[in-house]
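The exercises that follow are meant to be worked through with the sequence and the model side by side. Each begins with a task, and a step-by-step solution comes after it.

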Amino acid sequence: MVNELKTQKITVPSCAFEVSSEEKIELEVNLPDYCSDIKRALRCFAEVGINSTETAGDRLSVKGDIVLRLLYVGEDGKIDCIQQTVSLSKHTDVKNMPENPIVICEVKPLYINSRAASQRRFTVSGNFLLNFKIYTYSILIVSTIQHIV
């Protein structure tokens with residue numbers, strides 16, 4: 001029986017940097033003329049979409065949109081919805097930015113509140129958690145012993 005040592009290079013991703021930050025929004029939304037007056041506010045929904053991530057030097061930039069949907073009962077008694085889009089832009093400094101980084105950004109709403117400020121206006125406040133992760137590829141050398149009969 002002969003033992004043979006085999007060596008392989010394996011590329012694996014490893015997390016080089018991770019940080020979380022919060023982004024607050026405060027917004028007033030005026031109803032367009034074609035919408036009925038607000039009788040009662042029902043619910044506010046928020047969806048976040050990341051459009052781009054960019055690294056420049058030791059700086060990480062993330063841009064995206066927050067789409068707010070406000071459901072309310074109009075003066076005619078019917079449920080109506082208005083949609084508002086808010087830009088999201090966040091920058092953070094990264095010490096020792098790796099070469100060819102892979103950036104992942106997750107955004108989670110912590111809370112979103114809305115209320116009718118008048119018959120024609122909503123106020124919206126919310127807080128979002130942004131979690132940034134930067135991955136880089138590392139090369140591992142793995143050795144295995146094979147038994148050859």
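**Exercise 1. Cysteines**

Which cysteine sulfur is closest to the sulfur of Cys15, and why is there no bond between the two?

Solution. Keep in mind from the start that this is a predicted model. Begin at Cys15 and look for the closest cysteine sulfur, which belongs to Cys105 and lies 13 Å away. A disulfide requires the two sulfur atoms to be within 2.5 Å, and the 13 Å between Cys15 and Cys105 is therefore too far for a bond. Next, consider the surroundings of Cys15, which is partly exposed because its relative accessible area is 40%, a value between the limits of 20% and 50%. Turn then to Cys81, which takes part in no disulfide either, since the nearest cysteine sulfur, that of Cys35, is 9.1 Å away and the cut-off is 2.5 Å. Cys81 is also partly exposed, with a relative accessible area of 37%. The last step is to look over the whole structure, where a search finds zero disulfides.

**Exercise 2. Aromatic rings**

Find how many aromatic pairs the structure contains, and describe the geometry and setting of what you find.

Solution. The count comes to one aromatic pair. The partners are Tyr72 and Phe122, whose ring centres are 5.7 Å apart and whose planes meet at 65°, an arrangement that is edge-to-face. To place the pair in the fold, note that Tyr72 belongs to strand S3 (residues 59-74) while Phe122 belongs to strand S6, so that distant parts of the chain, 50 residues apart, are linked. Finally, check the accessibility of each partner: Tyr72 has a relative accessible area of 0% and is therefore buried, and Phe122, at 0% relative accessibility, counts as buried as well.

**Exercise 3. Salt bridges**

State how many salt bridges the structure holds, and work through three of them, giving for each the distance, the location and the burial of the partners.

Solution. The structure holds four salt bridges, and three of them are treated here in turn.

1. Glu23 is bridged to Lys90, with 3.5 Å between the closest N and O atoms. Because Glu23 lies in strand S1 (residues 2-30) and Lys90 in strand S4 (residues 79-93), this pair ties together parts that are 67 residues apart in sequence. Both Glu23 and Lys90 are buried.

2. Glu28 is bridged to Arg121, and here the closest N and O atoms are 3.1 Å apart. The pair links distant parts of the chain, for Glu28 is in strand S1 and Arg121 is in strand S6, 93 residues apart. Glu28 counts as partly exposed at 49% relative accessibility, and Arg121 is partly exposed with a relative accessible area of 26%.

3. Arg120 is bridged to Asp37, with the closest N and O atoms 2.7 Å apart. Arg120 lies in the loop between strand S5 (102-118) and S6, and Asp37 lies in the loop between S1 and strand S2 (38-56), so this bridge ties together parts that are 83 residues apart in sequence. Arg120 is partly exposed, with a relative accessible area of 26%, whereas Asp37 is buried, with a relative accessible area of 17%.

**Exercise 4. Along strand S6**

Locate Ser125, Tyr135 and Thr136, and determine for each whether the residue is buried or partly exposed and what surrounds it.

Solution. Start with Ser125, which is found in strand S6 and counts as buried at 18% relative accessibility. Apart from its neighbours within four places in sequence, Ser125 is in contact with Ile25, Glu26, Tyr111, Ile112 and Asn113.

Move on to Tyr135, whose place is also in strand S6 (residues 121-148). Its relative accessible area is 22%, and Tyr135 is therefore partly exposed, the limit for a buried residue being under 20%. With neighbours within four places in sequence left aside, the contacts of Tyr135 include Pro13, Cys15, Asn100 and Pro101. The C-alpha atoms of Tyr135 and Pro101 are separated by 5.8 Å, although the two residues are 34 residues apart along the chain.

End with Thr136, likewise found in strand S6, which is buried because its relative accessible area is 18%. Outside its neighbours within four places in sequence, Thr136 is in contact with Val12, Pro13, Ser14, Ala16, Pro98 and Glu99.

How values were computed: Residues are numbered from 1 along each chain as its sequence is written. This is a predicted model: local features need pLDDT of at least 70, side-chain atom pairs count only at pLDDT 80 or more; totals for chains, interfaces and linings use all residues. Side-chain values use heavy atoms; hydrogens and water are left out. Helices (H or I, at least four residues) and strands (E, at least two) are DSSP runs, numbered from the N terminus. Buried means under 20% relative accessible area, exposed over 50%, partly exposed in between (1.4 Å probe, protein chains only). Contact means heavy atoms within 4.5 Å. Rings of Phe, Tyr and Trp (its six-membered ring) pair if their centres lie within 6.5 Å; planes under 30 degrees apart count as stacked, over 60 as edge-to-face and the rest as tilted. A salt bridge is a side-chain nitrogen of Lys or Arg within 4 Å of a carboxyl oxygen of Asp or Glu.
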